[in-house]
Amino acid sequence: MSNKRIYKIRRGTHIPEATETKAGTIIEIKEEKDHHEWDRPREFVFSLISNSVGLGNVWRFPYLAAKNGGGAFLIPYFILYFLIGAPIYYLELALGQFSSRGPATAFILAKGWQGVGFAMIINSVLCMFYYNVIISWALFYFIASFRTTLLWKNCGHWWNDERCFVPSIGSSPFTINGTMYNCTESQFFNNTKYSCQPINAKDRVTSTEQFFFQLLLNKSKRFEDFGIPQVYPALSLLVAWIIVGACIIRGVKSSGKVAYFTAIFPYIVLLVLIIQSSLLNGAVEGIKYYVIPQWELVAKFKTWQAAASQVFFSLGLSFGSLMAYSASNTFKNNFFQQMCIVVSCDCLTGVFAGFTVFATIGYLAKELNEPVSKYADSSGPGLAFITYPEAIAHMPASSFFSVLFFLMLLALGLGTQFALTDVPITSILELFPRFKSNRQLTVIITCTISFLISLPFTCPGGIYLFELLNQYGANISMIVVGFFEVYTIAYIYGFNRFMNDVKMMLGKRAAEYYLFLTWCIIAPVIMLIITFSNLVNTKRMSHSASAGYEAYEYPDWSVIVGWCIFIACIIPIPLVFIVNYIREYFALGRKEIIQTIDSSTENVSQYDNKYFEKPRYIEAFTQNNLPRYDWGPKKSINHYGLYAHLKSIESNEYMFLHDALSKSGINGYFNGSFQKDYIHDRSTSEMSEERF
């Protein structure tokens, strides 16, 4: 093909019929190669449930509910689910399905705001690192449960020391007026025989605590005593990453099948556990503590703050996993109906799990003659790996229920971990299309690198790093990213335009008035208030004396590290905006030079359109907020209506690429992120590649 012919194809002025057919063939081949869809819609739904219904529903929600008003906590919880959780969930599913893109490229709907997608990826990656550490702990406990007598049921093992004791009625240290003594209540009142001395909480450690902190973690006394990776947690982490890699190696084709188990099995176990625990002595007292409302706490801002953080973390918002999953849907899939199912399941699962947890805590408190409040303060790892295993150890058939419980934790954790890990993999394949034919290799490399990066968590000081990352990474940053996500769609791209995109998929502007109120008004305001209050109330992390460890306050430098983690989670948003603004500014400068030359040769009046002319810095800002030239549905079959122009763009670019490569004999690949000269009226030599 001559240079003249190439020029005509690039400018779109003439496309011969034979060429059009050839281009269509190239596009079809590429789309077939990129074909990556769910086998069945229910696999998508189960994967969403598996992603959203995670460990936070079991170990975080019950603790927050009991601490922030019991049954009254459900009021702010349900309200924020309705005003923030469901609308953003809808947004992420709609955006991913419409564009068939993950978070790395979905935000080309506003060129300068693609940093929102990159921030989601960073949130997902950081959470992915430490979340799989929790799964590795559950895996260790699961394997250790296959014994007649559970290893944490009693003392006398090589990891126990003289401080170890097994809690039971009569064996707990006696406490009076806030002072703990190294003897039981009966011994305390028999001073003639026993010499009881005041002790610190660190001088008595339960067998369950020593199993977790001494055997599994080998926890150091300070963050500074970090140490080297330990054998048991490192091996458990390796196996956990192997499981994750094996289950997602074929993408939604494999993870969709695993989702049948990870989504359904936890509900079966929760049902079994709630029936079993509700029959135990003391279960009623535990459930009362959980459900009896404390109405005065509802008026406190701290309660609403806790509810908002739980909504974000539980639904998996701002991680990009929802976009990555919905990008594999068919264009006409009814995601709105699926969203209603998943959000309802996630919302009610936390409430349901609370009954199981507090019935068990009530039983444990009754068995040990302790108040329910002593164990109700446990959350996170403390609840899942200390309090609950201790309760199970006192149950009949303890090994059986231990296997069930930790298998349930594995199923809950793995479902979320699959989604988190899929985000960076999807992003790599989108940003570097050459790897699309090597997805399996990409998965293996990603999981291997993630394992190596996660190894510090298996060191004696790793638990301190875990808690630091849990506090600063993927916490406040999730709400910040959620705010910019809603702002970009509702105000930059435009609420009306996005609802028209939804209509292309569903045939209607589903839940339009509800979304207008939440996206444009209520959700941004609430997220701003919560973000600023979180930032203002942030303080240095500390631990009280417990489990054989003295009270500890994190070093000063940990605050700096924590804020660096937070900034790293959100920095892509302003950074990408600034970089793209500068590029638009200089691109407009080049365009002005070309227009000046054209106007001088064509004798165009210098006063034409001067009234509407904008300074370059303002025009660059406007251009920065516009969609990229190739924004729209990714598949050519959906290029109609407002996006019909994408057919000619795609035909032109692939024909030019095919002819150019075949003539030059270059073996290469084409990155679909090029900004073509026929859009911006540039010459061939001025064509530049857009990364953002």
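Which residue forms a salt bridge with Asp 39? Keep that in mind while you get your bearings; the tour comes to it at the third stop.

**The whole chain**

Start with everything shown as a cartoon. This is a predicted model, and the chain holds 28 helices and nine strands. If you colour by burial, 56% of the 692 residues count as buried. Switch on the surface next: the accessible area of the chain is about 29800 Å², and 62% of that belongs to carbon and sulfur atoms. Contacts are worth a look too, since among those with a separation of 6 or more, 81% join residues 24 or more positions apart.

**Second stop: Lys 635 and Glu 37**

The chain has 11 salt bridges. For one of them, select Lys 635 and Glu 37, whose closest N and O atoms are 2.3 Å apart. Lys 635 sits in the loop between helix H26 (616–624) and helix H27 (645–664), while Glu 37 is in the loop between helix H2 (17–33) and helix H3 (41–52), so this pair ties together parts that are 598 residues apart in sequence. Show the surface around the two partners: Lys 635 counts as partly exposed, at 25% relative accessibility, whereas Glu 37 counts as buried, at 13%.

**Third stop: Asp 39 and its network**

Now select Asp 39, and add Lys 257 to the view. These two form a salt bridge, with 2.6 Å between the closest N and O atoms. Asp 39 is in the loop between H2 and H3 and Lys 257 in helix H12 (residues 252–278), so the bridge ties together parts 218 residues apart in sequence. Both partners are partly exposed: Lys 257 has a relative accessible area of 35%, and Asp 39 has one of 40%. Then add Arg 40 and Glu 43 to the selection, and you have a network of salt bridges linking Asp 39, Arg 40, Glu 43 and Lys 257.

**Fourth stop: Glu 512 and Arg 509**

Select Glu 512 together with Arg 509 for another salt bridge, in which the closest N and O atoms are 2.8 Å apart. Glu 512 is partly exposed, with a relative accessible area of 22%.

**Fifth stop: Glu 485**

For a contrast, go to helix H22 (residues 476–506) and pick out Glu 485. How far away is the nearest side chain of opposite charge? That side chain is Arg 101, at 15 Å, and Glu 485 is buried yet has no salt bridge. Show what surrounds Glu 485: beyond its neighbours within four places in sequence, its contacts include Ile 88, Leu 91, Phe 107, Val 116 and Met 120, as well as another glutamate, Glu 92. Ser 318 and Met 323 are also in contact with Glu 485.

**Sixth stop: helix H18**

Select residues 381–393, which make up H18. Its 13 residues reach 17 Å from first C-alpha to last, close to the 18 Å expected at 1.5 Å a residue. Where does H18 kink? Look at Thr 387, where there is a kink of about 25°, shortly before the proline Pro 389. H18 is mostly covered, with 12 of its 13 residues buried; among them are Phe 385, Tyr 388 and Glu 390.

**Last stop: Tyr 232**

Finish at Tyr 232 in helix H11 (residues 231–248). Tyr 232 is partly exposed, with a relative accessible area of 39%. Leaving aside neighbours within four places in sequence, show its contacts Phe 140, Trp 158 and Leu 215. Then draw a C-alpha to C-alpha distance to Ser 136: it should read 9.6 Å, for two residues that are 96 apart in sequence.

Definitions and conventions:
Residues numbered from 1 in each chain as written. Predicted model: local features only at pLDDT ≥ 70, side-chain atom pairs only at ≥ 80, totals over all residues. Heavy atoms only, no water. Helix = DSSP H or I, 4+ residues; strand = E, 2+ residues; numbered from the N terminus. Buried < 20%, exposed > 50% of the residue type's maximum accessible area, 1.4 Å probe, protein only. Lys, Arg positive; Asp, Glu negative; His and termini not counted. Salt bridge = Lys/Arg side-chain N within 4 Å of Asp/Glu carboxyl O. Contact = heavy atoms within 4.5 Å. Expected span 1.5 Å × (residues − 1). Bend = angle between axes of the 7 residues up to and from the residue. Areas by Shrake-Rupley, 256 points an atom, 1.4 Å probe, with all protein chains shown as cover.
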